[in-house]
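Student: Could you walk me through one part of this model in detail? I would like to look at the side of one protein chain that touches its partner, and then at what surrounds the DNA.

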2 protein chains.
Amino acid sequence: MKKQEKQKDQESQETFYTIADLAREFDVSKRSIRFYEEKNLISPRRTKGNYRLYSKRDRRRLRLILRGKRFGYTLDEIAEIIGFNDVDFDEKDQIRKAIEFGAKKIGDIRDRINELQLLENEMLELGQRLRDRLLELEKK
Amino acid sequence: MKKQEKQKDQESQETFYTIADLAREFDVSKRSIRFYEEKNLISPRRTKGNYRLYSKRDRRRLRLILRGKRFGYTLDEIAEIIGFNDVDFDEKDQIRKAIEFGAKKIGDIRDRINELQLLENEMLELGQRLRDRLLELEKK
DNA sequence: CCTAACCTTTACGTTAAGGTTAAAGGCCCT
DNA sequence: AGGGCCTTTAACCTTAACGTAAAGGTTAGG
């Protein structure tokens with residue numbers, strides 16, 4: 001068999017990944033992925049030999065973690081967001097709290113987007129000033 | 001005299017802030033502000049008694065630092081961005097580099113905005129599913 | 001002038017998020 | 001069955017970004 005990047009489980013037809021697969025795909029260290037597991041952000045199943053085996057769902061979750069990181073969320077905050085994702089679909093109260101939490105987070109995200117746009121404008125203006133100045137210097 | 005939040009310098013008519021003013025306004029610790037100074041991200045002048053005195057420019061800079069932080073930039077990266085701001089206006093080569101750097105950063109910012117919008121959509125969808133589910137549970 | 005409430009520096013402590021290394025064992029190829 | 005490369009856990013190390021405490025100087029109000 002070829003050096004597999006994905007692995008099909010015969011019975012279930014599910015696709016699985018090794019830790020190295022994901023590390024490569026998302027350009028993150030294996031240590032980091034294991035660390036996220038220590039923090040209960042992700043919980044892959046194991047093979048007979050105790051190797052970690054990641055499902056598509058696990059993979060999506062890892063992507064979410066890394067995305068969160070890029071916005072400066074701490075792992076604890078990311079854990080909260082994941083909790084929002086994992087709410088029990090039969091618990092009305094949990095669902096209500098999750099909705100509330102989600103609304104708050106969305107507000108948060110919008111604030112960040114706004115701020116980023118402000119920053120973008122600032123940098124665009126500065127860039128313009130620099131270009132003007134450069135032209136002037138070169139004219140002489 | 002009242003407990004001043006701002007202070008006008010008689011001669012220059014400039015507005016100054018104490019470290020506590022800024023800490024309060026931006027909801028950050030005084031220690032953090034001093035730490036940014038250690039890292040040369042900000043350089044307030046001093047009073048006779050060696051107290052830090054922040055100008056409007058210093059204040060804007062602090063705001064920029066904190067904004068950067070919220071996007072997950074490290075202080076080192078923020079220092080780079082600030083360098084872009086502080087370029088010598090008479091050095092053509094520096095200006096060119098600053099323009100290039102700025103363009104790169106702007107691309108960076110746009111990527112982040114896109115990703116944030118993706119995340120927002122994901123959360124909106126999930127929120128919708130949760131609301132639907134809640135209605136269903138309550139109908140019964 | 002006193003005092004409370006600021007501020008200063010110095011130094012050491014802490015926390016988050018991993019990196020690194022070691023020892024032991026699993027997996028695949030021939 | 002052996003060799004080479006993978007994986008596992010455990011333990012300790014590192015760095016960034018502060019927190020906290022000590023020891024003392026400064027300033028505004030009474």
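Tutor: Happy to! In this predicted model, 32 residues of chain B are in contact with 32 residues of chain A. On the chain B side, helix 3 (56-70) and helix 5 (92-139) each supply at least two residues. Helix 5 of chain B accounts for the largest share, with 26 residues. Sorted by class, the side of chain B that touches chain A holds 17 nonpolar, five polar and 10 charged residues.

Now let us turn to the DNA. DNA strand C is surrounded by 20 residues, and the closest are A:Ser29, A:Gly49, A:Thr74, B:Ala20 and B:Arg52. Two or more residues of this surface come from each of helix 2 (30-38) and helix 4 (75-85) of chain A and helix 1 (19-26) of chain B. Helix 2 of chain A gives the most, three residues. The class split near DNA strand C is seven nonpolar, seven polar and six charged.

Around DNA strand D there are 22 residues, of which A:Ala20, A:Arg52, B:Ser29, B:Gly49 and B:Leu75 come nearest. Here the elements giving two or more residues are helix 1 (19-26) of chain A, along with helix 2 (30-38) and helix 4 (75-85) of chain B. Helix 2 of chain B gives the most to the surface near DNA strand D, again with three residues. By class, that surface has seven nonpolar, eight polar and seven charged residues.

Notes
Residues numbered from 1 in each chain as written. Chains lettered and ligands numbered in written order. Predicted model: local features only at pLDDT ≥ 70, side-chain atom pairs only at ≥ 80, totals over all residues. Contact = placed C-beta atoms within 7 Å. Helix = DSSP H or I, 4+ residues; strand = E, 2+ residues; numbered from the N terminus. Nonpolar A, V, L, I, M, F, W, Y, C, P; charged D, E, K, R; others polar. Near = placed C-beta within 6 Å.
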